Amino acid sequence: MSPLWRTTLLYSAARHRPLIFRSALKRYTYRSTPELHLALIHTGKVDQNSLIKKRTNEEAATGTEGFHREDLAASKKALIEPDAVSTVPAEVRGDWVLFHPVYSQEELRSVEILHREAKTISDKLAYNLVKLMRWGFDFASGYKHMPLPPDHKNMSLEELKAGNYVLTEKAWLQRILFLETVAGVPGMVAAMLRHLSSLRLMRRDSGWIHTLLEEAENERMHLMTFMTLRQPSLFFRALVLGAQGVFFNMFFLSYLISPRTCHRFVGHLEEEAVLTYTRCIEEIEAGHLKEWATMPAPEIAKDYWRLAPDAKLLDVIYAVRSDESTHRFVNHSLANLNPTTDVNPFAFREPNMLVKGKKLGFERSEAEKYVQESHALLSRGRELEDQASEIKH
């Protein structure tokens, strides 16, 4: 095996985990246990700490494409008929999806509603486009968020729903399904364009493609999860087809012109997603969505987020909101970088939700410091590997 892909064992305490290592999450959960877990990361010689890593001779840019999982155990079970929402057999568990965080209870409840103030012309354009999209969708779906009246405690749930103060489970589900069909587009479009650019220019991408694909799949998994609750009508599917066709092509052209503006747009879009799921959680916990309050979590969600066997749909929505907070953080951070020269600071690891849930993103100087810390960790991993090798021999 080439030294470029050597793996090292790095000890990390699960209870006080300060880091999220991308390859470790494919194999271990974030349960709060006193024992230590092993995180697999691959290393090589790192001789630069700058965000700017593009080189004409790509031989020294070690690890900028993210992690390579070389020893995933393949399933020995035969193919069976897939269920209605997944091409993955029901018996398969674990390493069948790209990297995604698995959250502790503390992390799930640490997400805050945040908004980044638009200062530049491009940022204002991105924010206003998001507001326009939200207004159009609210208008088309007949949704209008109305604060509860002062005497709402004296009103029945039926009266609150009749006055449009509270959405029904059906209305919430329809809204979520439509939003997730749109939210899965930007990551795939951006990854595709950067992939083609890497092929065309014959140079490495510095780790952006992997994170963008992870975002696209994560949003698609949200859709697959909620699809277990309802099969949309043909009319609804036609609306999705039309919206996806328009949005895909508009985002495609926009990303060719200004990737930074597009990432800022997605960052603002995820701000709205965090707001939407927060309101949904509040309504469930207030007893306004009684069916969802006691509904068990779908099996696909239990597997994907490593939820407890007795998890409820509310636990799923908490996890989805945390995912949206991650996308908010990542895209606002990428929008602060130079997409032509800067590496993706999240190719090695990501901060935990105690950071991503309370902060809108890294400024460029913070991202560069984060990359330097990642390189220091990789160097430390090499030292541990060498020490282990010496002890073994």
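This is a short chat about the predicted model shown above.

User: Hi! Before we dig in, what kind of model is this, and how are residues numbered?
Analyst: Hello! The model is predicted, so local features need pLDDT of at least 70 and side-chain atom pairs count only at pLDDT 80 or more, while totals for chains, interfaces and linings use all residues. Residues are numbered from 1 along each chain as its sequence is written, and side-chain values use heavy atoms, with hydrogens and water left out.

User: Great. How many helices and strands does the protein have?
Analyst: There are 13 helices and four strands. These are DSSP runs numbered from the N terminus, with helices being H or I of at least four residues and strands being E of at least two.

User: And what share of the residues is buried?
Analyst: Of the 393 residues, 50% count as buried. Buried means under 20% relative accessible area, exposed over 50%, and partly exposed in between (1.4 Å probe, protein chains only).

User: What about the surface, how much area is exposed?
Analyst: About 19800 Å², with carbon and sulfur atoms supplying 59% of it. Accessible areas come from the Shrake-Rupley method with a 1.4 Å probe, and for residues only the protein chains shown count as cover.

User: Which residues form a nonpolar patch there?
Analyst: Leu-125, Leu-129, Leu-132, Trp-135 and Phe-139 do, with about 590 Å² of accessible area together. Patches are made of residues with over 30% relative accessible area and no salt bridge; like charges are joined within 9 Å, and nonpolar side chains (Val, Leu, Ile, Met, Phe, Trp, Tyr) within 5 Å. Leu-132 is found in helix α2, residues 121-141, and counts as exposed because its relative accessibility is 54%.

User: Switching to charges: how many salt bridges are there?
Analyst: A search of the whole structure finds 14. The criterion is a side-chain nitrogen of Lys or Arg within 4 Å of a carboxyl oxygen of Asp or Glu.

User: Which residue does Lys-131 pair with?
Analyst: Lys-131 forms a salt bridge with Glu-272, and their closest N and O atoms are 3.8 Å apart. This pair links distant parts of the chain, with Lys-131 in helix α2 and Glu-272 in helix α8, 141 residues apart. Lys-131 is partly exposed at 35% relative accessibility, whereas Glu-272 is buried at 13%. Arg-134 is linked with both of them in a network of salt bridges.

User: Where do Glu-299 and Lys-302 lie?
Analyst: Both are in helix α10 (residues 299-304), three residues apart, about one turn of the helix. Their side chains meet in a salt bridge at 3.3 Å, N to O.

User: And Glu-350 with Lys-356, buried or exposed?
Analyst: Both are buried, and their side chains meet in a salt bridge at 3.0 Å, N to O.

User: Now packing. How do the axes of α7 and α8 cross?
Analyst: The axes of α7 (residues 234-257) and α8 (residues 259-285) come within 6 Å and cross at roughly 135°. Axes are lines fitted to C-alpha atoms, for helices over the stretch in contact, and angles run from 0 to 180 degrees between N-to-C directions.

User: Last one: which loop holds Met-202?
Analyst: Met-202 lies in the loop between α5 (185-201) and α6 (208-227). Its phi is positive, about 55°, although Met-202 is not a glycine. Most residues other than glycine have a negative phi. Ser-206 is in the loop between α5 and α6 too, with a positive phi near 65°. Met-202 is exposed at 73% relative accessible area, whereas Ser-206 is buried at 3%.
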